Amino acid sequence: MKRSLRTLILLSRNDLRSRYAGSALGIVWAYAAPLMTLLIFWWIFECGYRNPPVKQVPYILWFACGYIPWIYFSDACLSGTACLQEYSFLVKKMYFPVWQLPFVRLLSCLKVHSFFIFILILSAIFAGLSPRASWLLLIYSDLSLSALAFSLMQIFALVTVRFRDMLSLINVLLQIGFWASPILWEPEAIPDLRIRYLLKLNPMCYLIGCFRSALLGTEGISVRESVRFWLLTVILFLYGRRLYQRLAPVLADEL
């Protein structure tokens, strides 16, 4: 068990480095690119449009609580979709549990995400928020987000083996998902209750609410929404495992 965990950690470390191996700055880009995007949004919202606070919280901090989880989720889904092709040598030339490859990619994305969670906490303190017990809910929020991302990653990665356009499709769906998630907008601001309910079916709506509730204390975590979220995540996970069992015998030939 310890040996397997050590192997996964080592693979995730090498995975993060290999993704930026062709650039001069290397792994620095994994942190620099999202950070520059956040700074641009800060300049637009705080210095340009001068957005008013949301529930007595600076808009840029409220926005970051939604954008940082989205960066992690979208990066994990995109990189996880192609992980079987990129690690095809492990599948073809040696025995390796294929289902662990999306988990390796998830761990490498989680390292970058942990850095931005640290930046988010520092920003909250700088904005005048004092540490509180609800900040421990950030652990639950990250575990929930990771569970959903992994469940989707294993499905996307397996489907891509036979449907090569899956990566392009996921890229389009993530662009739609960005605007369908309450990153830039507030759910309560939508007057039509039917549209609001429809948008709340998006699991990222629940997760972003968890991050904001944990760090800012602006929203509560609904028990009913929690049950609905975990039911969906478990169904996706079990479907991914079933799909793996069906495709495992032919994966080496397909790749």
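How many of the 26 residues of helix α7 are buried? The count is 19, and α7 is therefore mostly covered, since buried means under 20% relative accessible area, as found with a 1.4 Å probe on protein chains only. The model is predicted: local features need pLDDT of at least 70, side-chain atom pairs count only at pLDDT 80 or more, and totals for chains, interfaces and linings use all residues. Residues are numbered from 1 along each chain as its sequence is written, and side-chain values use heavy atoms, with hydrogens and water left out.

Helices are DSSP runs (H or I, at least four residues), numbered from the N terminus. Helix α7 spans residues 137–162 and reaches 39 Å from its first C-alpha to its last, close to the expected 38 Å, which is 1.5 Å times one less than its number of residues.

The largest nonpolar core has 55 residues. Such a core is a set of buried Ala, Val, Leu, Ile, Met, Phe, Trp, Tyr and Cys residues joined through side-chain atoms within 4.5 Å. Phe63, Tyr67, Phe73, Leu120, Leu215 and Leu216 touch the most other members. Helix α7 is among the helices that each supply at least two residues, while α3 gives the most, with 15 residues.

Helix α3 also packs against α6: their axes, lines fitted to C-alpha atoms over the stretch in contact, come within 9 Å and cross at roughly 175°. Because angles between N-to-C directions run from 0 to 180 degrees and those over 145 count as roughly antiparallel, α3 is roughly antiparallel to α6. The contact (heavy atoms within 4.5 Å) includes Leu61 and Ala64 of α3 and Leu120 of α6.

Definitions and conventions: Buried means under 20% relative accessible area, exposed over 50%, partly exposed in between (1.4 Å probe, protein chains only). Angles under 35 degrees count as roughly parallel, over 145 as roughly antiparallel, 65 to 115 as roughly perpendicular and the rest as oblique.
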